[in-house]
Amino acid sequence: MDKVIPTAAEAVADVPDGVTIAVGGFGLVGVPEILIDALLEQGATSLETVSNNCGTDGFGLGVLLEKGRIRRTVSSYVGSNKEFARQYLSGELEVELTPQGTLAERMRAGGAGIPAFFTPAGVGTQVADGGLPLRYDGIAVASPPKETRDFDGVTYVMERGIVADYALVHAWKGDRHGNLVYRASTQNFNPAAATSGRITIAQVEHLVEPGELDPAEIHTPGIHVQRVVHVGPVTVGIENRTVRA
């Protein structure tokens, strides 16, 4: 029951090439940056990432992107990353753009054992009709059309649940059994990512003993988490600093 791994390097040591990895975080908040940096050092490549965004230049998934380790990403927001834009427009990176709420639900559904669901988001657009450039450079690969169906006179599009080979998440507190508590807005994509991974690895700022966490405050039960790494307090950067002249 003790799921604590001494170092981030040991926690990601067995991640092979070509796997799908769900990653928590939104912008710079709640990003499992220490696990991502360890994965960079480990060397796994040809990865498919599932995350709200693909990091920023020099941070988060952006460090893997810069080294050419990511072949495909499923994301909802891809701004603030010049290298991402360069790779996408040159046809080096395959990108599946997904509405933000749909992406969160696809991960949640995968973790709950739901293979697919219907949503009105994207109906009447290329999200449902197909034609979004997955791989650019003259639209080398375009997204296929998705199944639509009417319920009570409203059209919905079918989206598939996402089950990833691995998941990397960041939590404020965790115990040795893998129970996790997220702080404030780090609850963004971390809970959904944690349940969607077959093997979920959590970096936690504060490691506590079993029984210290109030069961009513646990966001991700330990049954979903296979490895825990104690990383200590993490400082969150500021994406865009705005100051008065």
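In this predicted model, the lining of the second largest cavity comprises four nonpolar and four polar residues and no charged ones. The residues concerned are Asn-53, Cys-54, Gly-55, Tyr-77, Val-78, Gly-79, Asn-81 and Phe-84, and the volume they enclose is about 30 Å³. Two cavities of 30 Å³ or more are present in the structure. The largest has a volume of about 50 Å³. Its lining consists of Val-23, Gly-24, Gly-25, Gly-27, Val-31, Ser-51, Asn-53, Gly-55, Gly-60 and Leu-61. Here the classes are three nonpolar, seven polar and no charged residues. Asn-53 and Gly-55 are included in the lining of the largest cavity and also in that of the second largest.

Strands E5, E9 and E8 form an open sheet in that order, with antiparallel pairing. Because E5 (116-119) and E8 (148-151) are edge strands with a single partner strand each, one side of each has no neighbour in the sheet. On average, neighbouring strands of this sheet are turned by 40 degrees against each other, direction ignored. The antiparallel pairing of E5 with E9 (residues 154-160) extends over four bridges. Opposite Met-158 of E9 stands Phe-118.

Helix H5 (residues 100-111) lies across E5 and E9, and runs at about 155 degrees to E5. Thr-102 belongs to this helix. The relative accessible area of Thr-102 is 3%, so the residue is classed as buried, the cut-off being under 20%. When residues up to four places away in sequence are not counted, Thr-102 touches Phe-117, Thr-119, Ala-121 and Glu-159. Of these contacts, Phe-117 and Thr-119 fall within the range of E5 (116-119), and Glu-159 falls within that of E9 (residues 154-160). A further relation across the chain links Thr-102 with Gly-161: the two are 59 residues apart in sequence, and their C-alpha atoms are 9.6 Å apart in space.

The loop between E8 and E9 contains Asp-152. For this residue phi is near 55 degrees, a positive value in a residue other than glycine. Asp-152 has a relative accessibility of 82% and therefore counts as exposed, for which the cut-off is over 50%. Ala-184 likewise has a positive phi, near 50 degrees, and is a residue other than glycine. The loop that holds Ala-184 runs between strand E11 (180-181) and helix H7 (190-196). With a relative accessible area of 60%, Ala-184 is exposed.

A positive phi is also found after helix H2, where Gly-43 follows the helix with a value near 105 degrees. Within H2 (residues 33-42), the buried residues are Glu-33, Leu-35, Ile-36, Ala-38, Leu-39 and Leu-40. In an α-helix there are 3.6 residues a turn, so residues three or four places apart point the same way. Among the buried residues of H2, Leu-35 and Leu-39 are four places apart, as are Ile-36 and Leu-40.

Note on methods:
Residues numbered from 1 in each chain as written. Predicted model: local features only at pLDDT ≥ 70, side-chain atom pairs only at ≥ 80, totals over all residues. Heavy atoms only, no water. Pairing = 2+ DSSP bridges. Helix = DSSP H or I, 4+ residues; strand = E, 2+ residues; numbered from the N terminus. Axes fitted to C-alpha atoms, helices over the stretch in contact; angles between N-to-C directions. Contact = heavy atoms within 4.5 Å. 1 Å grid on protein atoms, 1.4 Å probe; cavity = no way out; pocket = protein on both sides within 12 Å on 5 of 7 lines; lining within 4 Å. Points joined across faces, edges and corners; volume = space filled by probe spheres on them. Nonpolar A, V, L, I, M, F, W, Y, C, P; charged D, E, K, R; others polar. Buried < 20%, exposed > 50% of the residue type's maximum accessible area, 1.4 Å probe, protein only.
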